[in-house]
Amino acid sequence: MSLDRGRVWKLLGAPTDQIGSVNDPRTHEEFGRAWNEKWVYRGEDGESVERVVLWNRYDLVGAFALKPDGSPEPIALPEA
């Protein structure tokens with residue numbers, strides 16, 4: 001994926017929460033992807049998580065919608 005942070009922000013809006021940062025040297029693994037920054041988008045109730053975007057430094061490593069059971073479904077984001 002070659003979308004940059006600004007483009008993803010424009011497509012999805014501001015995340016509700018952010019975990020880690022682009023400069024955080026610690027990596028985590030989720031949904032089979034290594035990341036050091038995670039954008040969390042919560043539902044209208046403020047508790048449920050509807051989608052997440054994972055970054056490894058400045059590289060987008062995945063965008064996922066979360067199903068009610070918590071399992072991820074990849075989101076295809078338009079590049080243009």
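**View 1. Strand 4 meets strand 5.** In strand 5, Trp55 is the bridge partner of Glu37. This is a predicted model, and here we're looking at two strands that run antiparallel, with six bridges joining strand 4 to strand 5. Another of those pairings puts Val40 with Val52 of strand 5. The two strands make a hairpin, with six residues between them. Look in the turn for Gly46, whose phi is positive at about 80 degrees. Strand 4 itself is mostly covered, with five of its six residues buried.

**View 2. On to strand 6.** Strand 5 has a partner in strand 6 too: six bridges join them, and they run antiparallel. To get your bearings, find Arg51, which stands opposite Ala65 in strand 6. Strand 5 and strand 6 also form a hairpin, this one with two residues between the strands. Arg57 belongs to that hairpin and takes a positive phi near 60 degrees.

**View 3. The whole sheet, strand by strand.** Pull back a little and you have an open sheet of five strands in the order 1-4-5-6-7, with antiparallel pairing. Strand 1 (17–20) and strand 7 (72–74) are the edge strands, each pairing on one side only. Ignoring direction, neighbouring strands of this sheet are turned by 25 degrees against each other on average. In a regular strand, side chains alternate between the two faces of the sheet.

**View 4. The two edges.** How many bridges join strand 1 to strand 4? There are four, and the two strands run antiparallel. Gln18 is a handy marker here, with Trp39 as its bridge partner in strand 4. Over at strand 7, three bridges make the join to strand 6, again with the strands running antiparallel. There, Phe64 has Pro74 of strand 7 as its bridge partner.

**View 5. The largest nonpolar core.** Ten residues make up this core: Leu3, Val8, Leu12, Trp39, Tyr41, Val53, Trp55, Leu60, Ala63 and Leu77. Two or more of them come from each of helix 1 (5–12), strand 4 (37–42), strand 5 (49–56) and strand 6 (59–66). A second core, separate from this one, has six residues, among them Trp35, Val52, Leu54 and Val61. Back in the largest core, zoom in on Leu3. Setting aside neighbours within four places in sequence, Leu3 is in contact with Val8, Trp55, Leu60, Leu77, Pro78 and Glu79.

**View 6. Both ends of helix 1.** Asp4 caps the N-terminal end of helix 1. The cap is a side-chain oxygen of Asp4 lying 3.2 Å from the backbone nitrogen of Gly6. After helix 1 comes Gly13, with a positive phi near 85 degrees. As a reminder for reading the side chains, an α-helix has 3.6 residues a turn, so residues three or four places apart point the same way.

**View 7. Asn36, a polar residue in a loop.** Asn36 sits in the loop between strand 3 (33–35) and strand 4. Is Asn36 buried or exposed? It counts as buried because its relative accessibility is 1%, and the cut-off for buried is under 20%. Its side chain reaches the backbone oxygen of Asp24 at 2.9 Å. Leaving out residues up to four places away in sequence, Asn36 touches a long run of others: Ile19, Gly20, Ser21, Val22, Asn23, Asp24, Arg26, Thr27, Trp55, Asn56 and Arg57.

**View 8. Glu79, out past strand 7.** Glu79 is found in the segment after strand 7. With a relative accessible area of 53%, Glu79 is exposed, since that label applies over 50%. Even so, Glu79 is one of the residues in contact with Leu3. If you want a distance to go with the picture, the C-alpha atoms of Glu79 and Glu29 are separated by 25 Å, and the two residues are 50 residues apart along the chain.

**View 9. Confidence along the chain.** The mean pLDDT of the chain is 93, and 96% of its residues reach 70 or more. Which elements have the lowest and highest mean pLDDT? Helix 1 has the lowest, at 94, and strand 4 the highest, at 97.

Key: Residues numbered from 1 in each chain as written. Heavy atoms only, no water. Core = buried A, V, L, I, M, F, W, Y, C linked by side-chain atoms within 4.5 Å. Buried < 20%, exposed > 50% of the residue type's maximum accessible area, 1.4 Å probe, protein only. Contact = heavy atoms within 4.5 Å. Pairing = 2+ DSSP bridges. Axes fitted to C-alpha atoms, helices over the stretch in contact; angles between N-to-C directions. Polar contact = N/O pair within 3.5 Å; in protein donor to acceptor, adjacent residues only side chain to side chain. pLDDT = per-residue confidence, 0-100.
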